[in-house]
Amino acid sequence: MAADGFNWFLIVVAVVSSILVTLINVYILVHFQHPEDRNQAWFPKAVVVLGLTLSELSILLLPLDVANRAACAESVVISACNFALPMTDLWTAVYMAMLILIIFVIPFTLFYYEQDHDMSVRGKLASSGWWVLGTFTILGLILGLSYGFVGFVDLPVTTLTSGLALFGADDATFGPAAAACLKTDAFAHGSVLNAGYACDAGSGGVPTETWSVRTSFPVYVVALTSVVSWVSFIAFGGVGMSAIPVDLVKRFLGRPKTVIAKSEYIRIAGKLAEATQVVVAEAREVQREERGTGRTRKTRRALAKIDLRLTQLEDDELTLQKIFPQGEDREASWMMTVSGYYASLVFGVIAGVVSLMWMLHIALYIFPSPPVTPFLNDLFTSLDQAFGLFGTSAFALFCFYMIMCVVKGNIKVGFRLLLFAVYPMKLNGTLMSSFLFNTGLIMLSSISVIQFCARAFDGYAAETSVSEIFGDELNHLRGLGELFANNVFLYVFFGFSLLSMFVLAHTEVQDAHKPKRAIESLYK
């Protein structure tokens, strides 16, 4: 490792991580996309993969920032370090790319995708452009007016003033208390030209004033975006903290125990086909009723029940495929299926431990002043002392886990308008419009995840480039600074995470008392 901080290994890690994250997002896209979007809608798919990759890489930039700073020896001044990665420039580039995607690219692609298929390409481009222009105009007016009226940083300052004395005066003339600061009546000699006041900040009674200075427009945009981002992060991340371990363990507990014979498979598949035909007939009947009377409360309830039954039929079909492996090597296929369920149990337990450690860290380190214990900060430091990459890897795991909680919460509850899910995410049934909308929400949430991790691990990630971005300027921003300085968002996130845990536990207990959907007996 070079003493001046240049480490080629970090560049290799950055390139490999980018490739791996991109491949994972392509895998997610392929398995969640709707069959209607296969082999088409390539540009929206590229936007989705790019958006998800940026949101995940922005989280991985945190441990990379720490490793980049740690590569420089402690004896070398930061300004003299020759870092391998220009982290400040990377943070700026990632943030600018994410804002461009959130504000321009994703809305334009979403509007274009949802246009009438009979419309010409020029018509779709024009219509989408007008929609984006209108959205940008509204956001521009909100940002411009807010910045013009309240775009200031109110910094508390303490004024200390010293008096003046003749140049040749010595300490004996003033006395020991006034050697560095001249106060009224501090000495009896007439050598004082101007007496000072408030010379000692630690003496008490020193007046404090507020110094207001206009902040830069990019910082103000980041601050307003962070407020909206925290709302998204609280909703999705709070649910995901409990949903990840619970769903993984639940997947293991609900696993199929044995395989079935081919004759049984054919019989159940026939029953599934008959049930599907019944649901399709009911859907057509509701459509005919809608054409005659329009959309009513009765038809909405009927469609909701039909949608639920279709979801159950899809789950039954997947279960049937698992309990009757097909192909030349059925035993190997069944062993892979069983191994996957046991892996879910292991990862579920690990996720539960990570969620618990996160909640303890928030309660013991972030909320108390001073902190009760550095907790995870000390853990990462100890791991670094054992081996250089252990602490950084653990730091990356905990930060990346938070964005996974956001993704899980987004899939679990989705964006809900009143009681109805808007743009839901479903395995093998997600349209590109839903992908684009939820990608924007995940990217928006990642901004607050970065801020949250930088605050939670400020002891371990000290003197990094990200600490300069989320500095004291946000904490003293007029109208918004109190939210950041007093950890309002963190308190709400902590409370919402606990509430989600109790609600999820109550829901799982209720589901446990319901009759099990055993597919072998369901279609007798």
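Select Ser 445 to begin: Ser 445 is buried, with a relative accessible area of 0%, where buried means under 20% relative accessible area, exposed over 50% and partly exposed in between, for a 1.4 Å probe and protein chains only. The model on screen is predicted, so that local features need pLDDT of at least 70 and side-chain atom pairs count only at pLDDT 80 or more, while totals for chains, interfaces and linings use all residues. Residues are numbered from 1 along each chain as its sequence is written, and side-chain values use heavy atoms, with hydrogens and water left out.

Ser 445 sits in helix H12; helices here are DSSP runs of H or I with at least four residues, strands are runs of E with at least two, and both are numbered from the N terminus. Leaving aside neighbours within four places in sequence, Ser 445 is in contact with Ser 229, Ser 232, Phe 233, Phe 236 and Val 406, contact being heavy atoms within 4.5 Å.

Now show the whole of H12 (residues 432–456) together with helix H9 (residues 330–366), which pack at an angle of about 55° with their axes 11 Å apart. Axes are lines fitted to C-alpha atoms, for helices over the stretch in contact, and angles run from 0 to 180 degrees between N-to-C directions. This angle makes H9 oblique to H12, since angles under 35 degrees count as roughly parallel, over 145 as roughly antiparallel, 65 to 115 as roughly perpendicular and the rest as oblique. Where the two helices meet, Trp 358, His 361, Ile 362, Tyr 365 and Ile 366 in H9 face Phe 452, Cys 453, Arg 455 and Ala 456 in H12.

Next, follow the chain into the loop between H9 and helix H10 (376–386), where Pro 370 is found. The peptide bond from Ser 369 to Pro 370 is cis, with omega near 5°. Phe 375, in the loop between H9 and H10 too, has a positive phi of about 50° although it is not a glycine, and at 26% relative accessibility Phe 375 counts as partly exposed. Most residues other than glycine have a negative phi, and most peptide bonds are trans.

For the last stop, select Asn 487 in the loop between helix H15 (481–485) and helix H16 (488–512). Phi of Asn 487 is near 55°, a positive value in a residue other than glycine, and Asn 487 is buried, with a relative accessible area of 13%.
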